[in-house]
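Visitor: I am new to this and would like to know where the labels come from. Could you take me through them one by one?

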Amino acid sequence: MEIPYTISTRPDTGLWNAKIGIWLFLASEVMLFGGLFSAYVFLRLDAGPGEWPHGLLNVPVGTMNTAILIMSSVTVVLAWAALKMRRYRAYWWYMLATILCGVIFLFVKLYYEWPQKFEHYGVFLKPEAREKYEQYLGNHRREEKGLEPRIEISGHLENREALTDPNAKEYEIGLDPVFTDPNNPANDRPHFLYVPPTDKVAKIEKEDVGRIDSFGPWHSAYFASYFTITGLHGAHVLGGVIVFLYMWLPVSKKVYQRNPEHLANRVEVAGLFWHFVDLVWIFVFPLFYLL
Amino acid sequence: MNNPPDIAQDPAEHEEYAHGVHQHVSRYLIVGAVLLFFTLLTVALSYVDFGGFFSWLFHVHISPKTGGKLNIAVALVVAAFKVSLVGLIFMHLAAEKRLIYRVLIFTGFFVLGLFWLTYLAWYNPITR
């Protein structure tokens with residue numbers, strides 16, 4: 001027996017099976033990401049002064065990735081429209097563009113943004129030792145201005161062996177630009193362009209250090225939520241790319257030849273998923289990169 | 001049971017239908033351009049010191065912390081606008097069947113409940 005309503009719509013609901021299926025799935029996805037975003041809100045509201053970092057991500061790269069996802073949302077809906085107009089060739093190209101956008105997005109995340117974080121270190125100073133490093137922190141001025149204090153000094157860890165060597169007395173940090181000129185009002189807010197750590201090295205005695213961590217999920221509640229949410233989002237992008245790849249390969253042309261509407265419906269539901277992934281990113285981008 | 005396809009196989013009738021889809025294409029392109037524009041806008045707005053701007057405009061003191069909250073509010077308004085464009089146009093929610101709306105109303109109810117629980121946990125009446 002053939003399954004009813006795979007292509008045509010059910011008279012009472014006006015929907016075909018996969019359409020209602022994907023929306024139920026997306027409803028569960030809303031709850032999944034909703035839980036994580038509410039955790040983000042909770043962690044951020046509860047963060048103490050200076051504990052929620054700002055401006056640690058590369059904004060131009062994030063903006064580019066946002067644009068890539070938006071463009072892929074356009075190409076996938078154009079792919080669907082091409083199928084509806086029975087233009088398989090155009091569909092094929094739009095689908096290829098969508099797949100490439102997804103792959104570029106993942107590539108930038110996995111080979112550029114994430115690895116950079118693991119090479120970047122933040123030294124959290126003991127509260128009583130902050131005064132000693134005032135020249136890097138500029139907290140006197142920040143207190144006057146009503147700004148949150150700086151509680152860590154970040155940059156490139158020049159002597160990595162100090163992490164494990166018990167005889168090493170200090171960490172040598174190639175400072176991030178903000179710590180070379182902490183009292184400059186221009187450094188009160190994050191910069192648009194990313195500037196790598198400078199040549200200026202600060203020596204921080206181990207006994208003044210509360211803890212030292214790279215910018216991985218262990219660094220702070222901020223990076224923990226960043227890696228969790230962008231990781232789960234990246235897994236969704238990967239899933240979407242795999243499904244699109246299947247719909248783009250010759251195997252799906254057979255479906256098209258049998259009944260073009262069947263492939264159009266498949267692309268529509270996969271597209272709905274893809275738009276949802278785009279929609280999540282529209283919130284992720286400002287919440288983690290800009291604010 | 002054998003299902004007839006959604007669209008008439010008659011070429012003349014399909015021609016008319018395809019013409020309707022064709023008109024949608026330009027709408028998708030415009031929405032895509034608007035979304036790209038608002039992405040750049042949200043980046044630009046995040047560098048505007050709204051606290052400083054409003055304290056200058058209304059001659060009131062606004063702390064940097066409150067100013068930061070204004071920036072968050074502005075960014076979320078822009079994001080909400082972008083998300084509604086994606087939902088209404090790309091996901092066809094502007095004209096969808098009633099059952100889908102019912103599913104989404106349920107979802108909205110539960111996700112708001114989830115955020116409300118977060119609020120309760122944060123605003124802990126026992127320790128605060």
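**How the labels are earned**

Guide: Let's start with a single pair: L125(A) has V209(A) as its bridge partner in strand 5 of chain A. Please keep in mind that this is a predicted model.

Visitor: What makes strand 1 and strand 5 of chain A a pair?

Guide: Strand 1 covers residues 121-125, and 5 bridges link it to strand 5 in the antiparallel sense. Pairing requires at least two bridges, so the two strands qualify.

Visitor: How do you know that strand 1 also pairs with strand 2 of chain A?

Guide: The same kind of count settles it: 4 bridges join these antiparallel strands, and at least two are needed, so they pair. V123(A), for instance, stands opposite I153(A) in strand 2.

Visitor: And what joins strand 2 to strand 3 of chain A?

Guide: There are 3 bridges between these two, again in antiparallel fashion. H156(A) stands opposite G174(A) in strand 3. With at least two bridges required, this counts as a pair, so strand 3 (residues 170-175) belongs beside strand 2.

Visitor: In what order do the strands of this sheet lie?

Guide: The 5 strands of this open sheet in chain A follow the order 4-3-2-1-5, with antiparallel pairing.

Visitor: Why are strand 4 and strand 5 of chain A called edge strands?

Guide: Strand 4 (201-205) and strand 5 (209-214) each pair on one side only. On average, neighbouring strands of the sheet are turned by 40° against each other, direction ignored.

Visitor: What makes strand 2 of chain A mostly covered?

Guide: Of its 6 residues, numbered 152-157, 5 are buried.

**Buried, exposed or in between**

Visitor: Let's try chain B. Why is V77(B) called exposed?

Guide: V77(B) has 12 C-beta neighbours inside 10 Å, and a residue with 12 or fewer is exposed, so V77(B) gets that label. You will find V77(B) in helix 3 of chain B. In sequence V77(B) is 35 residues from T42(B), yet their C-alpha atoms are 9.6 Å apart in space.

Visitor: Which residues of helix 3 of chain B are buried?

Guide: Among them are G67(B), N71(B), A75(B) and A79(B). K82(B) and F90(B) are also on that list. In general, an α-helix has 3.6 residues a turn, so residues three or four places apart point the same way.

Visitor: How do you know how far helix 3 of chain B reaches compared with what is expected?

Guide: With 27 residues, helix 3 spans 38 Å from its first C-alpha to its last, close to the expected 39 Å. Helix 2 of chain A, residues 59-84, has 26 residues and reaches 38 Å, close to its expected 38 Å.

Visitor: What is noteworthy about the phi of H92(B)?

Guide: H92(B) is not a glycine, but its phi is positive, about 60°. H92(B) sits in the loop between helix 3 and helix 4 (98-122) of chain B.

Visitor: Why does H92(B) count as partly exposed?

Guide: H92(B) has 19 C-beta neighbours inside 10 Å; burial takes 20 or more and exposure 12 or fewer, so H92(B) falls in between.

Visitor: Where does Y5(A) lie, and why is Y5(A) called partly exposed?

Guide: Y5(A) belongs to the segment before helix 1 of chain A. Its 17 other C-beta atoms within 10 Å fall between the limits of 12 and 20, so Y5(A) is partly exposed. The phi of Y5(A) is positive too, near 60°, in a residue other than glycine.

**Where the chains meet**

Visitor: How many residues does each chain bring to the contact?

Guide: Chain A gives 53 residues and chain B gives 47. Helix 1 of chain A supplies 13 residues, the largest share of the side of chain A that touches chain B. That side has 31 nonpolar, 14 polar and 8 charged residues.

Visitor: Which residues have the most contacts inside the largest nonpolar core?

Guide: That core has 67 residues, and those with the most contacts include W80(A), L83(A) and V267(A). Helix 9 of chain A gives the largest share, 20 residues. Not counting residues up to four places away in sequence, V267(A) touches A79(A), W80(A), L83(A) and M247(A). A second, separate core of 16 residues includes Y133(A) and Y171(A).

Methods. Residues are numbered from 1 along each chain as its sequence is written. Chains are lettered from A and ligands numbered from 1 in the order in which they are written. This is a predicted model: local features need pLDDT of at least 70, side-chain atom pairs count only at pLDDT 80 or more; totals for chains, interfaces and linings use all residues. The expected span of a helix is 1.5 Å times one less than its number of residues. Axes are lines fitted to C-alpha atoms, for helices over the stretch in contact, and angles run from 0 to 180 degrees between N-to-C directions. Two residues are in contact if their C-beta atoms, placed from the backbone, lie within 7 Å. Ala, Val, Leu, Ile, Met, Phe, Trp, Tyr, Cys and Pro count as nonpolar, Asp, Glu, Lys and Arg as charged, and the others, Gly among them, as polar. A nonpolar core is a set of buried Ala, Val, Leu, Ile, Met, Phe, Trp, Tyr and Cys residues joined through C-beta atoms within 7 Å.
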